[in-house]
Amino acid sequence: MKDWVFELACTGMANRAADAEAWANTAVRLWAGLSGLAALDLYRPSTATAHDPFNDDGPGPRFIAMLAFPSREALERVAGSSAFATSFAERPAGLDFTGSAFERHFYPVAGEAKPAPLTAPFSYVVRYHKPAEDEAAFIRNYVETHPPTLATLPGIRAVMCYFPLPVQAAALAPAGYMIGNEVVFDDVAAFNAAMQSPVRQELRRHFREFPPFRGRNTHFAMDRTRHAG
């Protein structure tokens, strides 16, 4: 199962959090009316304490907006539309924005034959940034090893990988991702329990065996709210 998504990520200092929240609340009302939109999710830093024994990258972006579409063509139409461009016209100063397009793949979890729909509200959002010595080899290794193992984490509800597309919108620079990943749980307690399981140790072993890469990799605990779809 797959769809096509546009990610808008907003970062900035803690003292700009209220401005970011106010702008996002206005923007999602505009985006919800975009033609061809299948779903609209807003991710905010988790209000609970998440614990990954191998990573602590802080609270993450002020927000991530994820606009999903049923086809690449629908994504490209909206990304190039004046309505989408207008929605970014009054971004607040002091905040940084990136816009990145993806083909998003969903993977089966917990022994199921088909991927489950995205319903659980806690997400661990992971991004690998360029460069790598061989991007294709890195992505191939990641997909072969990580999603099947992530699917066996206790309490896992969904696993997704994000494959970047050369689509830009509204003068927003893409974030320079090589691949993205997201694992979804019912709540932070379920996530924390999964991070203490032997499966997390196996995932760390996979990480050590990845083909060489020099970019950042980030891990952010986020609460997701669906606004459309």
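Reader: Let me start with R127. Which residues does R127 touch, not counting those up to four places away in sequence?

Author: Quite a list: E7, M66, F102, Y162, Y177, I179, G180, N181, R216, N217 and T218. Bear in mind that this is a predicted model. R127 itself is found in strand β5.

Reader: And why does R127 count as buried?

Author: The cut-off for buried is under 20% relative accessible area. R127 has 3% relative accessibility, so it counts as buried.

Reader: What makes the link between the side chains of R127 and E7 a polar contact?

Author: The pair of N or O atoms has to be within 3.5 Å, with one able to donate a hydrogen and the other to accept it. The side chains of R127 and E7 are joined at 2.9 Å, so the distance fits the cut-off. There is also the backbone oxygen of N181, which lies 3.3 Å from a polar atom of the R127 side chain.

Reader: V126 is next on my list. Where is V126 placed, and is V126 buried or exposed?

Author: V126 is in strand β5. At 5% relative accessibility V126 is under the 20% cut-off, so V126 counts as buried. Leaving aside neighbours within four places in sequence, V126 is in contact with G180, N181, T218 and H219.

Reader: How far apart are V126 and V183, in sequence and in space?

Author: They are 57 residues apart in sequence, and their C-alpha atoms are 8.4 Å apart in space.

Reader: Let's zoom out. What makes the strands a barrel?

Author: Eight strands close up in the order β1-β3-β2-β8-β5-β7-β6-β4, with antiparallel pairing. From one strand to the next, the twist averages 30 degrees.

Reader: How do you know that β5 and β8 pair, and how many bridges join them?

Author: Two strands pair if there are at least two bridges between them. β5 (residues 122-129) and β8 (residues 217-228) are joined by seven bridges, so they pass the test, and they run antiparallel. To see it in the model, look for Y124, which stands opposite A221 in β8.

Reader: Which strands does β6 pair with, and over how many bridges?

Author: β4 and β6 pair in the antiparallel sense over seven bridges, while five bridges join β6 to β7, also antiparallel. On the β4 side, F106 stands opposite M160 and Y107 opposite V159. On the β7 side, C161 stands opposite N181.

Reader: Why is β6 called mostly covered?

Author: Seven of the eight residues of β6 (residues 158-165) are buried. Each of those seven is therefore under the 20% cut-off. β4 is mostly covered as well, with nine of its twelve residues buried. β4 also pairs with β1, antiparallel, over ten bridges, and there A9 stands opposite T98 in β4.

Reader: Is there any empty space inside? How many cavities of 30 Å³ or more does the structure hold?

Author: One. The largest cavity has a volume of about 190 Å³. It has 18 lining residues, and V126, H146, L150, R200 and H219 are the closest to its centre.

Reader: Which elements supply the lining of the largest cavity?

Author: At least two residues each come from β5, α4 (135-150), β7 (177-185), α6 (198-208) and β8. α6 gives the largest share, four residues.

Reader: What makes a pocket something other than a cavity, and what volume does the largest pocket have?

Author: A cavity is where a probe fits but cannot get out, whereas a pocket is an open set of points. The largest pocket has a volume of about 310 Å³. It is lined by 19 residues, with T11, P61, Y177, R216 and F220 nearest its centre. β1 (2-11), β4 (96-107), β5 and β8 each supply at least two residues of that lining.

Reader: What sort of peptide bond joins K130 and P131?

Author: A cis one, with omega at about 5 degrees. P131 lies in the loop between β5 and α4. Most peptide bonds are trans.

Reader: What is the phi of A110, and is A110 buried or exposed?

Author: A110 has a positive phi of about 55 degrees although it is not a glycine. Most residues other than glycine have a negative phi. A110 is in the loop between β4 and β5. Exposed means over 50% relative accessible area, and A110 has 55%, so A110 is exposed.

Note on methods
Residues are numbered from 1 along each chain as its sequence is written. This is a predicted model: local features need pLDDT of at least 70, side-chain atom pairs count only at pLDDT 80 or more; totals for chains, interfaces and linings use all residues. Side-chain values use heavy atoms; hydrogens and water are left out. Axes are lines fitted to C-alpha atoms, for helices over the stretch in contact, and angles run from 0 to 180 degrees between N-to-C directions. Buried means under 20% relative accessible area, exposed over 50%, partly exposed in between (1.4 Å probe, protein chains only). Contact means heavy atoms within 4.5 Å. On a 1 Å grid over the protein atoms alone, a cavity is a set of points where a 1.4 Å probe fits but cannot get out, and a pocket is an open set with protein on both sides within 12 Å along at least five of seven lines; lining residues have an atom within 4 Å of a point. Grid points are joined across faces, edges and corners, and a volume is the space filled by probe spheres set on the points.
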